[in-house]
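Dear colleague,

Please find below the structure that I am handing over to you. My notes on it follow, and I should be grateful if you would read them with the structure open.

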Amino acid sequence: MKLIKKLLFWLLIAVGVVMLVFTTMWWLNAPEPWDETSESAERLDHAPFELASIKLSFEDATRSTPALGEFEGADSRSLNGTIWYPGGNSSNHPILVFSHGFGSYHRGSRHIAQYLAKNGYVVAAVDFPLSHTRSPAGSPQLLDIVNQLGDVTAVIDHLIGLNDNADHPLYQRLDVEKVGAFGLSLGGLTTALVSYHPDYTDPRIQAAVMMAPPLEAFSPAFFASNPKVQSLVFSGSMDLVVPEKANATEVQARHLRGWFLSLDKGSHLGFANVANPIRWMENPDDLGCAMMDRMLAKLELPDKWSKVLPNTQGVLRDVVVTPPCPEMPGQAMNGSHQQWLARIAIGAFFDMHLRTDERATEAENFFKETLIKENPELSLIKPK
C-alpha cells in the first residue's frame, strides 16, 4: 500500500510539472494585443448581445445514413449540435450554419460561432453523422460528404421551423430571408458544394465563407453556377493540411466573382479552437497532419473528387488531389492571433452581405480597406 501511495504521489508531481510547463509555454506565447484605438480591436471586443445557446437535436427521416466503416447504416439522419444566439428578446437575426471539418465536431470553431451570435446572428452547427470525431463508423468517414449537403439544408429548414414555434426561445426572432453558411476544411468544401454545386445548391444561402477548403478539383463552371451567392475563401500560407497554393491561390483564376483572403503564415488548425491551447507549437498543423495520417490510413479513398461527386454541367476538373502535409518548415502565425483575425474578418463579411443598413456600409469599408491596413499579414483579392 505504501508503494502504491508513493507511486501515486510521484505521478501527481509529474503531471503537475507537465501542466506547469505547458501553462508557462502557453502564457509566454500570448499574442500582442491590437492598439486599443484600432477598428480591429473595437470589432473584436464588439458584443452588443449576451451569448445564449441551446441544444440542437432532431432526426431527418427523409434521408438515410449509408453503411460505411463499422456503421451498418440507418434509415434516417441524426443531427445533434448547438444553436448559439443573441440573448434577450431581440429579433430580425440572420441565420448561419457552420460545417465542421473531417474528424472534427460541431464545436470545433465555436469561437467564431459565439462571436457571431454576440453580434446578432443565430448560428447552428451539428455533428455530421459519419465524419465527426466520434463517428459510429469506428473512424471518421470522408465519403459521406455527399449527404452532408442535405444536412445543411435540413438545419436551415429546422431553424425556420423553430422561428414559427411559439414554444421555442427563437420564436419570431430570425430573419429567415437572410441565410449564410461557413465551414472549415471538409466543412469548407461542404459549404462550397451546398452553395454552388448544381445538384445540391440551397438557393436560400446568400453568403458563404470557406476556411481552408479543398477546392482544386472545381472548374470555372462550378463557381459560375450560382452567381447570386457571395463567397469568401479564407486561407493560410502555412496550411499543411490543405495547401494554400493548390486550393486557394490557383482557384482565384477559376472563381472570378469570389473574395479571397490570405493569412501570411496562417495555418489550418489556426482557424479552430484548438489553436489557442497549442499556440506554443511552431505549426499546429504538425498535430493536424498526425491526426490526418491516422484517420486516412483506415480508409480506402479515390484519388479524384470526380469519383465521389457528380460532374453535372462540367463542374469538376479531372485532377488528382494534391496530397496533404508537404514539407514546410518555419514558424506559423500565433494561433490566438489567427482566431482574432478570423472572427473580425468573417463577421465583417457577413455584415457586408446579410445586412442592409448602416452596419453593412461600415462593414464593407472595414473589410475592403481598414482590415488590410491595420493587419498587413492579410492580403485581399476582390472580385473581378
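How many strands form the open sheet, and in what order do they lie? The model, which is a predicted one, has nine strands in the order 1-2-4-3-5-6-7-8-9, and their pairing is mixed. Strand 1 (51-60) and strand 9 (378-381) are the edge strands, each of them pairing on one side only. From one strand to the next, the twist averages 20°.

At one edge, strand 9 pairs with strand 8 (residues 259-263) in the antiparallel sense, over four bridges. Within this pairing, Ser262 stands opposite Ser379 of strand 9.

Two helices that contact the sheet deserve a note. Helix 9 (residues 335-354) packs on the sheet and touches strands 3, 5, 6, 7, 8 and 9, its direction making about 165° with that of strand 6. Helix 4 (residues 145-163) lies across strands 1, 2, 3, 4, 5 and 6, and runs at about 50° to strand 2.

Helix 9 also meets two other helices, which I take in turn.

With helix 3 (residues 110-118), helix 9 packs at an angle of about 45°, and the two axes are 10 Å apart. The two helices are therefore oblique to each other, and their crossing is right-handed. On the side of helix 3, the contact involves His111, Ile112, Tyr115 and Leu116; on the side of helix 9, it involves Gln339, Ala342, Arg343, Ile344, Ile346, Gly347 and Phe350. By class, this contact has seven nonpolar, three polar and one charged residues. Within helix 3, the buried residues include His111, Ile112, Tyr115 and Leu116, as well as Ala113 and Ala117. Just after this helix, Gly120 takes a positive phi of about 100°.

With helix 10 (residues 358-374), the axis of helix 9 comes within 8 Å, and the two cross at roughly 135°. That angle makes helix 9 oblique to helix 10, and this crossing is left-handed. Helix 9 contributes Ile344, Ala345, Ala348, Phe349, Asp351 and Met352, which meet Arg359, Ala360, Ala363, Glu364, Phe366, Phe367 and Leu371 in helix 10. The residues of this contact divide into 10 nonpolar, no polar and three charged. Ile344 of helix 9 takes part in the contact with helix 3 and also in that with helix 10.

With kind regards

Methods. Residues are numbered from 1 along each chain as its sequence is written. This is a predicted model: local features need pLDDT of at least 70, side-chain atom pairs count only at pLDDT 80 or more; totals for chains, interfaces and linings use all residues. Side-chain values use heavy atoms; hydrogens and water are left out. Buried means under 20% relative accessible area, exposed over 50%, partly exposed in between (1.4 Å probe, protein chains only). Axes are lines fitted to C-alpha atoms, for helices over the stretch in contact, and angles run from 0 to 180 degrees between N-to-C directions. Angles under 35 degrees count as roughly parallel, over 145 as roughly antiparallel, 65 to 115 as roughly perpendicular and the rest as oblique. A crossing is left-handed if the near helix is turned anticlockwise from the far one by less than a right angle, and right-handed if clockwise. Contact means heavy atoms within 4.5 Å. Ala, Val, Leu, Ile, Met, Phe, Trp, Tyr, Cys and Pro count as nonpolar, Asp, Glu, Lys and Arg as charged, and the others, Gly among them, as polar. Two strands pair if DSSP finds at least two bridges between them.
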